Amino acid sequence: MHTASIRLTGALFKLYYADPQSLPETMWKTAHDLGINLDLLLFAIIALEIIIAGVMVLSARLARPVAIGLLT
């Protein structure tokens, strides 16, 4: 549950500030060089983080494997 709350908190902060610069520098520089829309990339990453946190909170059976996958 702890990892899910951290993941959800990070996603909500990114959603609140909605600034692509909050992504890791190498990620947004590479995306910019490739011509990927940074706002779209940011919201796709936020959506993925919220889905991961939701799986961890709602499924006790999947929470541990997902957390292990994120932390390794």
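**Close-up views of a predicted model**

**View 1. Q21, in the loop between α1 and α2.** At 43% relative accessibility, Q21 counts as partly exposed. The model shown here is predicted. Q21 falls short of the exposed class because that class begins over 50%, and Q21 stands at 43%. The partner to look for in this view is D39. Along the chain, Q21 and D39 are 18 residues apart. In space, 9.8 Å separates their C-alpha atoms.

**View 2. The protein chain as a whole.** The chain holds 4 helices and 0 strands. Read from the N terminus, the order of elements is α-α-α-α. The C-alpha trace spans about 40 × 25 × 15 Å along its principal axes. Of the 72 residues, 25% count as buried. The chain exposes about 5200 Å². Carbon and sulfur atoms supply 68% of that area. Contacts between residues at least 6 apart in sequence include a share of 49% that join residues at least 24 apart. The chain carries 5 positive and 5 negative charges. Their mean positions lie 17 Å apart.

**View 3. Confidence along the chain.** Mean pLDDT for the protein chain is 82. A value of 70 or more is reached by 96% of the residues. Among the elements, helix α1 (residues 2-17) has the lowest mean pLDDT, at 76. Helix α2 has the highest, at 88. Where pLDDT is low, predicted coordinates should not be read in detail.

**View 4. The salt bridge between K29 and E25.** Which helix holds both residues, K29 and E25? Both lie in helix α2 (residues 25-34). They sit 4 residues apart, about one turn of the helix. Their side chains meet in a salt bridge, with N to O at 2.7 Å. The count of salt bridges comes to 1. K29 counts as partly exposed, at 40% relative accessibility. E25 is also partly exposed, at 46%.

**View 5. M27 of helix α2, beside L41 and I45.** M27 has its place in helix α2. Its relative accessible area is 34%, so M27 is partly exposed. Which residues does M27 contact, leaving aside neighbours within four places in sequence? They are L41 and I45. M27 and L41 are 14 residues apart in sequence. Their C-alpha atoms lie 9.6 Å apart in space.

**View 6. E49 of helix α3 and its contacts.** Is E49 buried or exposed? E49 is buried, because its relative accessible area is 9% and the buried class covers values under 20%. E49 lies in helix α3. Residues up to four places away in sequence are not counted in the contact list that follows. Beyond them, E49 touches R7, G10, A11 and K14.

**View 7. L40, an exposed residue of helix α3.** L40 is found in helix α3, which covers residues 38-58. L40 counts as exposed because its relative accessibility is 61%. By contrast, E49 is a buried residue of helix α3. How far apart are the C-alpha atoms of L40 and I50? The separation is 15 Å. Along the chain, L40 and I50 are 10 residues apart.

Terms used:
Residues numbered from 1 in each chain as written. Predicted model: local features only at pLDDT ≥ 70, side-chain atom pairs only at ≥ 80, totals over all residues. Heavy atoms only, no water. Helix = DSSP H or I, 4+ residues; strand = E, 2+ residues; numbered from the N terminus. Buried < 20%, exposed > 50% of the residue type's maximum accessible area, 1.4 Å probe, protein only. Contact = heavy atoms within 4.5 Å. Areas by Shrake-Rupley, 256 points an atom, 1.4 Å probe, with all protein chains shown as cover. Lys, Arg positive; Asp, Glu negative; His and termini not counted. Charge placed at Lys NZ, Arg CZ, Asp CG, Glu CD. Salt bridge = Lys/Arg side-chain N within 4 Å of Asp/Glu carboxyl O. pLDDT = per-residue confidence, 0-100.
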